[in-house]
Amino acid sequence: MKKDYIFRLGTLASALLPSALSSQPSALNSKLSTLNSQLNRPQPNVVVIFADDLGYGDLECYGATRVQTPNVNALAKSGIRFTNVHAIAATSTPSRYGLLTGEYAFRHPNTDIARGNAGMIIRPEQFTIADAFKNAGYATAAIGKWHLGLGDKDAEQDWNAQLPMHPGDIGFDYHYIMAATADRTPCVFIEQGHVANYDPSAPILVSYEQNFEGEPTGKENPELLYNLKASHGHNQSIVNGIGRIGYMKGGGKALWKDENIADSIAAHAISFIQKHRQEPFFMYLATNDVHVPRFPHDRFRGKNTMGFRGDAIAQFDWTVGQVISELERLGLRENTLIILSSDNGPVVDDGYQDRAVELLGSHRPAGPYRAGKYSTFEGGTVVPAIVSWPKKVRAGQESDALVSQIDWLASLSALVGARIPKGGAVDSQNRLGTLLGEDRQDRPYVLEQAANHALSVRTKEWKYIPPSPGPAVISGPNMESGYAREPQLYNMQQPYEQENVALQHPQVVFTLQSYLEKERTGGATYKSPISK
Ligand code: NG6
Ligand code: CA
């Protein structure tokens, strides 16, 4: 159908060519040649590889020396290595919500770290990045970590039947996903709205309120935690010898084995690419690495000295390599735009005794930035970001443009000519030129949401953290939160926020506060039908 249309337009353009050219040669000629090149050249495939909790300093091409990431390094060399890109939030659900909808999570209810049995947070009537691609004629897929709810309502899913609401309702033709995170029940993959590999002999029940009779828990049966023990939390149901958040019963052969998760995700990504090699495709490939529980496959273990966290980084790098080799093998790499980034900053102890703290040594997961995941400090949201598209983007670039992931939806929509409907993606701006390295335009400011909802404002020069409640250090992960009763202002010429200069620069504080005020009172008015 689509090819027919292109053929017909192409014929029309060449039929018009001779007479039209004779009247106004240069302008028309160039218009027609643009039209022709658009008609003859298939649109690029777009692959967003979204790591979990991967920090700015976790990759060799961003300064890591104690773990090897050859595939990501090569990807960076083939395109642009960005040094000032910000995730929308310092935790997964709000960050992913913003990336996929182009709307800040603070405008939408229930966008905190979601339980495994949360109802769909993005509702079918909302515009998503997948809709943009679908409207432009792409095949679309979400593969890997989801963490944005499934089914119509919280806690009411029947995991033994087709789920009434899933990524298929928000623009993804295909999905193979983990409902939430690897540390949350249900510990099964969901494919096209139902449990993949479903085992009828082991019906699945999930609760975040109470355990199911006779089922062991990490708290009561620590002797059953044969793969990983918890350091904090993660003491409810036990699956694969690892304690989880949330309770579940059943699953049988559908239950995942943590050591095979990266393999399953890579295999499904590759199979999607193979199936759609003849048409443009968009794949949101959200890895489980390097989130906890870090329990990588044997073949990645022990090759660096940082233990499972280092191995999970190596496993992430392998996934990237698998996808790229397949694109190369099929001759698709030239015209595939790959964007690689992370959903939030890094954390070392996120609840399991995997020796990440003990073996960290000189490795700095957040690079030169302060703190990490959950925090208002830069380490919470500053993330690695690489863009590569051999056909269009010059290799070997570096960009320090101030960028927020919130703009990727509108930028990619512009790339593929998708129109954003009125009221959709209200916070996303088209900054395609910056994304493709054609300019180095800074966003005037980016917003960064911490775990306690504090919204910081970052410009190229300054960072303003508004007063917000909570402890200075988040126990458990032992993370500096940046929460404080007084306003904080940092001069970003020093990436490590240390000296609060709010009192010395009241005018700057005032200006940044006014940006925040404008954002809070503007934007979308969409109300979710889900209420807790
Ligand atoms: C926390 C979990 C942590 C991780 C995080 C979500 C505990 C003690 N900690 O509540 O392990 O799952 O939520 O991470 O349960 S995120 O990257 O998906 O936002
Ligand atoms: Ca995360």
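## Ligand 1 and its polar contacts

In this predicted model, an oxygen atom of ligand 1 lies 3.1 Å from an N or O atom in the side chain of His 234, a distance that falls under the definition of a polar contact (a pair of N or O atoms within 3.5 Å; within protein, one must be able to donate a hydrogen and the other to accept it, and residues adjacent in sequence count only if both atoms are side-chain atoms). The side chain of Lys 145 also has an N or O atom 2.9 Å from an oxygen atom of ligand 1, while in Asp 350 it is a backbone N or O atom that lies 2.8 Å from an oxygen atom of the ligand. Taken on its own, ligand 1 has 450 Å² of accessible area, of which the protein covers 85%; such areas come from the Shrake-Rupley method with a 1.4 Å probe, and for residues only the protein chains shown count as cover.

## The shell around the ligand

Ligand 1 is surrounded by 20 residues, of which Ser 92, Asp 183, Arg 184, Asp 350 and Lys 373 come nearest; a residue is near a molecule or strand if one of its heavy atoms lies within 4 Å of it. The shell is made up of four nonpolar, nine polar and seven charged residues, where Ala, Val, Leu, Ile, Met, Phe, Trp, Tyr, Cys and Pro count as nonpolar, Asp, Glu, Lys and Arg as charged, and the others, Gly among them, as polar.

Why does ligand 1 lie between domain 1 and domain 2? Residues of the shell come from both domain 1 (50-112 + 342-532) and domain 2 (210-244), so the ligand lies between them; the domain bounds come from an automatic or database domain assignment.

## Salt bridges

In the whole structure, a search finds 29 salt bridges, each being a side-chain nitrogen of Lys or Arg within 4 Å of a carboxyl oxygen of Asp or Glu. One of them joins the side chains of Arg 96 and Asp 52, at 3.7 Å from N to O. This pair links distant parts of the chain, since Arg 96 belongs to helix α4 (residues 92-101) and Asp 52 to the loop between β1 (45-51) and α3 (70-77), 44 residues apart; helices (H or I, at least four residues) and strands (E, at least two) are DSSP runs, numbered from the N terminus. Arg 96 is buried, with a relative accessible area of 0%, and Asp 52 is buried with a value of 0%, where buried means under 20% relative accessible area, exposed over 50%, and partly exposed in between (1.4 Å probe, protein chains only).

Another salt bridge is formed by Arg 107 and Glu 519, whose closest N and O atoms are 3.2 Å apart. Arg 107 lies in the loop between α4 and α5 (129-135) and Glu 519 in helix α10 (residues 506-521), so the pair ties together parts that are 412 residues apart in sequence. The side chains of Asp 183 and Arg 184 meet in a salt bridge at 3.0 Å, N to O; Asp 183 is buried at 3%, and Arg 184 is buried at 13%.

## Two buried residues

Val 47 lies in strand β1 and is buried, with 0% relative accessibility. Although Val 47 and Ile 339 are 292 residues apart along the chain, their C-alpha atoms are separated by 6.3 Å. Leu 225, in the loop between β7 (205-207) and β8 (238-239), is buried with a relative accessible area of 6%.

## Notes on the model

Residues are numbered from 1 along each chain as its sequence is written, and chains are lettered from A and ligands numbered from 1 in the order in which they are written. Because this is a predicted model, local features need pLDDT of at least 70 and side-chain atom pairs count only at pLDDT 80 or more, whereas totals for chains, interfaces and linings use all residues, and side-chain values use heavy atoms, with hydrogens and water left out.
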